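Please open the structure in a viewer and keep the sequence panel visible. The stops below are meant to be followed in order.

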Amino acid sequence: MPSNTIAADVFLNREAELNYLKSLPKLKGRALGGNVYLDGAKGIGKTELLKQLHRELFREGQIVPFYYSFKTANLKGAYFAKDYFTRFVRQYISFLKKDPSIEENVAEPISRLFPAIIALGLHWLIDCIEDFQSHANKNDFYWQLVAATSVPVVAAQRSGMPVVVMLDDFDFAEGIYESSRGDTHGLASLFGVSMQNRLCPHIIAGATGALKAVFIEHCLLDMTEQLRLGPLPEDLAVSLFRSHLANLEIASAPDTQLAFLNTLRGNPLYIRNIAKAAWKMQKKELTEKDLVECYSFDVSEGETASYWSSIFNHHVMNPTKRKALLKLLWRIIENQEMEDLGRLALLSGFNEVEVGAIREAIDASGIIGDNNVLFKDFIRASYMKEIEGRYPRDVREKIEKKYLPEREESCFELVIPMSSNAELVVAKAVEQIGRNIDLDSEFLNQLQLALIEVCINAMEHSGSYEKKVFLKFTIRPDEIEMTIESSGRPFSLDLQTEIPVEEKLRMGMKRGWGFKLVSSIMDRVKVERAGDRTKVILTKKIRNNEVLK
Amino acid sequence: MKSAQFSVTSRLDGDAAVIYPKGYLNNLSGKSMVTECGSYINQGISKIVVNFSETDLINSIGISMLLQIIEDLRNIKGTICCTNMSKFLRETFEMLGLIKYMVVFPVESDALKYLKARKA
């Protein structure tokens, strides 16, 4: 069982489901059900619910919890059987001895547990281990699987203590094979035997559409009820997000409602990922705009992007097919409809049969029909990066534009090389931009100085291989915003350290004025990180006396 | 902002040297200004006037070079006067706390009068 369970007070709004799952042994004992198929969107918190259940049952000591995730399992039958069997033994002994370290120490050979097993009087478990070893020695694939999947039942029957079996990401179980992938089908149905036992309720979790496909096995379907895990309500989603921010020591700007969180549709995984994106981007005081920026980063380069990418890669390993799938999904998302197979095949590069199969899988997964905005943005971002070959910053901006309200503003962009005096080109540009809106020359000199300092810092300290600085000037009626972005090392600290003049005169080091200059000139200085890029955002209010009459 | 090309010229007026930095005052140009002042200091000149009338733009490295000149003069108990500074330049020096280490005059002639008077 993974031990990185989140704190109980951060785990919100799942009390009813948790209590119901805890009552499963009772229901099963009375033949009123007892097996649950836990359903819900990706990231909605199925695994976390199982972790919390495991933790509570472990603490209470009346029912044995056993958790197994198929996502990270080796699906080659013999390996899987050994892994499943030994994990159960470890978790069982760990529960009885109230020592979590036993189940965590997966590298320790199971024979080392014999003294503890004997001390607990579990002679039947020694028999089970020997039987399993005997099947393994004979290379008896089928009986190894049976011995593994039935060990929770044996334990429950011998001890009289119910065992709750939690099978996470169960849709992957469909992939268990004997010697090469796809050589055997339907081995997941072996779990049907242990599911029938009155002392062993099973909770089976997995991706919505995929799990339905596994459950066409009648032996599994008949004895299982569905429990759907819904999204967190709006207020709780905000509470969860705020508690993540507090843990990461990030504040919300005053009057920030975090309304954008509604886009995440109460999905705890996405909420956590956005909070972590804010931390990675070094946000200190989060505004609504920041939230959108964190979202665009997360969905294009952050943990949510990695999460969806890994799912993609699991299903489509071939890079060419991945691109084709991306084209297909992008087409479907942008057009909001399924076009005819022939046209989709032409556009994506798949043949019509493949397009048909993918369309069916998409329908079954419910990802698009569910209006999963985040998944759609992930596809858009991936399409722009992988098919159109756009820069990550362009991708982020495109995503942001969808959510940020249009403001009366004009923008100029400039890319300069990291070469001697290139900052003067920037100074000239800001001078002309300022003249266009009749800004006072003293005011412009200040902007030039601040801008030059940040550019010099990027050139001197970033160590960028790209050797370019990207600038964006945004002019609004009441302010001018200048964004300086470069890859490489983060904003250097020496620029942020202020040393008094007297000390500078005593020391050989005369430099280190940059941050003081910039922060004195500008009204706001923000430094953010997105991936390997640093973004410095300088904002200066335009007051009436700074505009020429 | 006029020309970015930097140059330093100078002249001797009595026992004071007048320096004319022109253009963008950065690391390279700052170094040549330090060298120019250094050559006068080596000749025993301890009064320097920097006339900023032709200085368009400055950066923090250029400022650090100016600080070097201030230090060099302090070591020989000399005086630095700055003249013809734009409002922006003066405010920048004030903001950084440099102004108290220099004597500021609106024009070069005032600075030279002041230095001559100090002679007595």
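The tour begins with the confidence of the model and then moves through chain A, the cores and the contact between the chains.

**Stop 1: confidence**

This is a predicted model. For the complex, the predictor reports an ipTM of 0.87 and a pTM of 0.66. Colour chain B by pLDDT: the average is 89, and 94% of the residues score at least 70. Within chain B, select strand 6 (residues 103-105), whose mean pLDDT of 96 is the highest among the elements of that chain, and then strand 4 (residues 55-58), which has the lowest, 87. Where pLDDT is low, the predicted coordinates should not be read in detail.

**Stop 2: chain A as a whole**

Select chain A and display the cartoon; 24 helices and 12 strands are present. Of the 549 residues in chain A, 40% are buried. Among contacts between residues at least 6 apart in sequence, 72% join residues at least 24 apart.

**Stop 3: the parallel sheet of chain A**

Next, select strands 1 to 5 of chain A, which form an open sheet in the order 2-3-4-1-5 with parallel pairing. Which strands stand at the edges? They are strand 2 (64-69) and strand 5 (225-228) of chain A; each has a single partner strand, so one side of each is left without a neighbour in the sheet. From one strand to the next, the twist averages 20°.

Now restrict the selection to strand 1 (residues 36-39) and strand 4 (residues 202-205) of chain A, a parallel pair joined over three bridges. Leu38(A) has Ala205(A) in strand 4 as its bridge partner.

**Stop 4: the antiparallel strands of chain A**

Move to strand 12 (residues 533-541) of chain A, and add strand 10 (residues 479-487) of chain A; the two pair in the antiparallel sense over nine bridges. To locate the register, select Ile480(A), whose bridge partner in strand 12 is Lys540(A).

Then add strand 11 (residues 524-530) of chain A, which also pairs with strand 12 in the antiparallel sense, over seven bridges. Here Glu528(A) stands opposite Lys535(A) of strand 12. Strands 11 and 12 of chain A form a hairpin with two residues between them. Select Gly531(A) in the turn, where phi is positive, at about 65°.

**Stop 5: the nonpolar cores**

Which residues have the most contacts inside the largest nonpolar core? They are Ala450(A), Leu451(A), Val454(A), Cys455(A), Ile19(B), Ile48(B) and Ile80(B), in a core of 69 residues. Helix 22 (residues 441-461) of chain A supplies the largest share of this core, 11 residues. Centre the view on Cys455(A): leaving aside residues up to four places away in sequence, Cys455(A) touches Glu423(A), Val426(A), Val469(A) and Ile484(A).

A second, separate core has 51 residues. To find this second core, select Leu49(A), Tyr68(A), Leu125(A) and Val165(A), which are among its members.

**Stop 6: where the chains meet**

Finally, display both chains and select the residues in contact: 22 from chain B and 23 from chain A. On the side of chain B that touches chain A, helix 2 (60-75) and helix 3 (87-96) of chain B are the elements that give two or more residues. Helix 2 of chain B provides the largest share, nine residues. Colouring this side of chain B by residue class shows 13 nonpolar, six polar and three charged residues.

Definitions and conventions. Residues are numbered from 1 along each chain as its sequence is written. Chains are lettered from A and ligands numbered from 1 in the order in which they are written. This is a predicted model: local features need pLDDT of at least 70, side-chain atom pairs count only at pLDDT 80 or more; totals for chains, interfaces and linings use all residues. pLDDT is the predictor's confidence in each residue, from 0 to 100. Helices (H or I, at least four residues) and strands (E, at least two) are DSSP runs, numbered from the N terminus. Two residues are in contact if their C-beta atoms, placed from the backbone, lie within 7 Å. Ala, Val, Leu, Ile, Met, Phe, Trp, Tyr, Cys and Pro count as nonpolar, Asp, Glu, Lys and Arg as charged, and the others, Gly among them, as polar. Two strands pair if DSSP finds at least two bridges between them. Axes are lines fitted to C-alpha atoms, for helices over the stretch in contact, and angles run from 0 to 180 degrees between N-to-C directions. A residue is buried if 20 or more other C-beta atoms lie within 10 Å of its own, exposed if 12 or fewer, and partly exposed in between; C-beta atoms are placed from the backbone. A nonpolar core is a set of buried Ala, Val, Leu, Ile, Met, Phe, Trp, Tyr and Cys residues joined through C-beta atoms within 7 Å.
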